[in-house]
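This report introduces the structure shown below to a reader who has not met it before. It takes up burial, salt bridges, strand pairing and helix packing in turn.

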Amino acid sequence: MDVTVLRPDELTTADISEWHAMQRGDMALANPFLSPEFTQAVGHQRTNARVARLTVSAPEGPRTVGYFPFERHALGSGKPIGSGFCDWQGLIHEPGLGWDPMELLRACDLAIWEYDHLAEGQTPFESAGTHRARAASPIIELNGDLSGYLEHRRHGFLKEVRQKERKLTRELGPVRLVFQSPDPRLLDTLIRWKSAQLRAKGIRRNLLSEEWFQAILRELFDQSSEFCSGALSVLYAGEEVVAMRYELRSPKVLAGWFPAYDTRFARCSPGIVMFLKVAEAAEDNGIARIDLGKGPEPYKQDLKTAELTVTEGYIARNTAKAAVLRTRMASGRAARAAIRANPTVHRAAVKAAGAVDRLR
């Protein structure tokens, strides 16, 4: 197998077409985070973004059998494309393809490839990797039967959602959803709402406040490709915008990313009211699966029909650079664990981080 490493913008029209065909052929690869459009949007903002094209010899000439989007950091440290905000990671490939992870890393000039949302079905990476954790990633399988889906939700849960919707209607006016709104001003509002929500939770790292990340969101928002576009859904009650969701969509998958709501209406739970309407709109638009993302949040447990498994870990070659990187990773994880284990130290660290952010 031959490997050619490219920058995302060096992908040809034929590459994009072949990549899409591989995604169509396997539901595990249909997630929009694995699309060439997502890779290229990240590449426009991160100069270390790369794509490995995998080819094999064939009678009619070299045949492309896979694409591996990744980022190359210092000392040959590799991470998935969009590291820190990509919720589905791995190699896009032809059905049944096997590959040698160590040879792939060597060809990409990587000592280590570290992942935190490795997709199901990436068997060679699973076999060669050192795993830290596996987590459930709840999904909703619509299968063209939304009424059947609703019938299997907990009765008390659905009753409460309907009550909240009626409350919104009484206080503000009829509730309606705009699926995939084209209004960029509403995207600005969602960014503002979500940033405020993260600050209120004491979360220091807020990607949404970074101009380069906003540029990625806007590029995907303007993207017309059916294989990956930023879908901004907006819930109105009367004339008020009460909740929004920014998601990525492909022909068959809607991947949750940034939900937010107007905190003035928190008592009406507009976020969960909105979600059921998004599920209805998704089905009408041919979506077969809604990916809720990994996490134990109670609402995901109420909404899910099944779970996928995502893996956190790394693959390392037997090199001096890899040994250095493993040591750094271990010491960093140990330090973070020690801080989290001591509530006093943890509170001081959060307070100090907030003070630094205010000075920037």
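A residue is called buried if its relative accessible area is under 20%, exposed if that area is over 50%, and partly exposed in between. The model described here is a predicted one. By the cut-off of under 20%, Arg 289 is buried, as its relative accessible area is 12%.

## Salt bridges

Arg 289 is a useful starting point, for its side chain takes part in a salt bridge with Glu 141, in which the closest N and O atoms are 2.9 Å apart. Arg 289 belongs to strand 12 (residues 289–291) and Glu 141 to strand 7 (residues 130–141), so this pair ties together parts that are 148 residues apart in sequence. Glu 141 is partly exposed, with a relative accessible area of 23%.

A salt bridge also joins Glu 165 and Lys 277, at 3.2 Å from N to O. Because Glu 165 lies in helix 6 (residues 155–172) and Lys 277 in helix 9 (residues 270–284), the pair ties together parts that are 112 residues apart in sequence. Glu 165 and Lys 277 are both buried.

A further salt bridge is formed by Arg 185 and Asp 183, with an N to O distance of 3.1 Å. Arg 185 is exposed, and its relative accessible area is 61%.

The structure holds 19 salt bridges; the table lists the three pairs described above.

| Salt bridge | N to O distance |
|---|---|
| Arg 289 and Glu 141 | 2.9 Å |
| Glu 165 and Lys 277 | 3.2 Å |
| Arg 185 and Asp 183 | 3.1 Å |

Salt bridges also link Glu 114, Arg 132 and Glu 312 in a network.

## Strand 6 and its partners

Strand 6 spans residues 112–118, and 6 of its 7 residues are buried, so the strand is largely enclosed by the rest of the structure. Strand 4 (residues 77–80) runs parallel to strand 6 and is joined to it by 2 bridges. In this pairing, Gly 78 has Trp 113 of strand 6 as its bridge partner.

Strand 13 (residues 306–316) pairs with strand 6 in the antiparallel sense, over 5 bridges. Here Leu 118 has Thr 311 of strand 13 as its bridge partner. As a general point, side chains in a regular strand alternate between the two faces of the sheet.

## Helix 2 and its surroundings

Helix 2 is mostly covered, since 7 of its 8 residues are buried. These buried residues are Pro 36, Glu 37, Phe 38, Thr 39, Gln 40, Ala 41 and Val 42. The cover over them includes helix 1 (13–24), strand 2 (49–56), strand 3 (63–72), helix 8, strand 10 (240–249) and strand 11 (253–261).

The packing against helix 8 can be described in detail. The axes of helix 2 (residues 36–43) and helix 8 (residues 211–221) come within 9 Å and cross at roughly 145°. This crossing of helix 2 and helix 8 is right-handed. On the helix 2 side, Glu 37, Phe 38, Gln 40, Ala 41 and Val 42 take part, and they meet Ile 216, Glu 219 and Leu 220 of helix 8. The residues of this contact divide into 5 nonpolar, 1 polar and 2 charged.

Two residues of helix 2 may be followed individually. Thr 39 is buried, with a relative accessible area of 0%. Apart from neighbours within four places in sequence, Thr 39 is in contact with Pro 8, Trp 19, Val 51, Pro 69 and Ile 81.

Val 42 likewise counts as buried, at 0% relative accessibility. With neighbours within four places in sequence left aside, its contacts are Glu 71, Ile 81, Gly 82, Phe 85 and Ile 216. The C-alpha atoms of Val 42 and Pro 101 are separated by 23 Å, and these residues are 59 residues apart along the chain.

## A buried loop residue

Which residues does Phe 265 touch, not counting those up to four places away in sequence? Phe 265 is located in the loop between strand 11 and helix 9, and it counts as buried at 7% relative accessibility. The residues touched by Phe 265, beyond those up to four places away, are Leu 172, Glu 240, Val 242 and Pro 270. From C-alpha to C-alpha, Phe 265 and Leu 220 are 29 Å apart in space, while in sequence they are 45 residues apart.

How values were computed:
Residues are numbered from 1 along each chain as its sequence is written. This is a predicted model: local features need pLDDT of at least 70, side-chain atom pairs count only at pLDDT 80 or more; totals for chains, interfaces and linings use all residues. Side-chain values use heavy atoms; hydrogens and water are left out. Buried means under 20% relative accessible area, exposed over 50%, partly exposed in between (1.4 Å probe, protein chains only). Helices (H or I, at least four residues) and strands (E, at least two) are DSSP runs, numbered from the N terminus. Two strands pair if DSSP finds at least two bridges between them. A salt bridge is a side-chain nitrogen of Lys or Arg within 4 Å of a carboxyl oxygen of Asp or Glu. Axes are lines fitted to C-alpha atoms, for helices over the stretch in contact, and angles run from 0 to 180 degrees between N-to-C directions. A crossing is left-handed if the near helix is turned anticlockwise from the far one by less than a right angle, and right-handed if clockwise. Contact means heavy atoms within 4.5 Å. Ala, Val, Leu, Ile, Met, Phe, Trp, Tyr, Cys and Pro count as nonpolar, Asp, Glu, Lys and Arg as charged, and the others, Gly among them, as polar.
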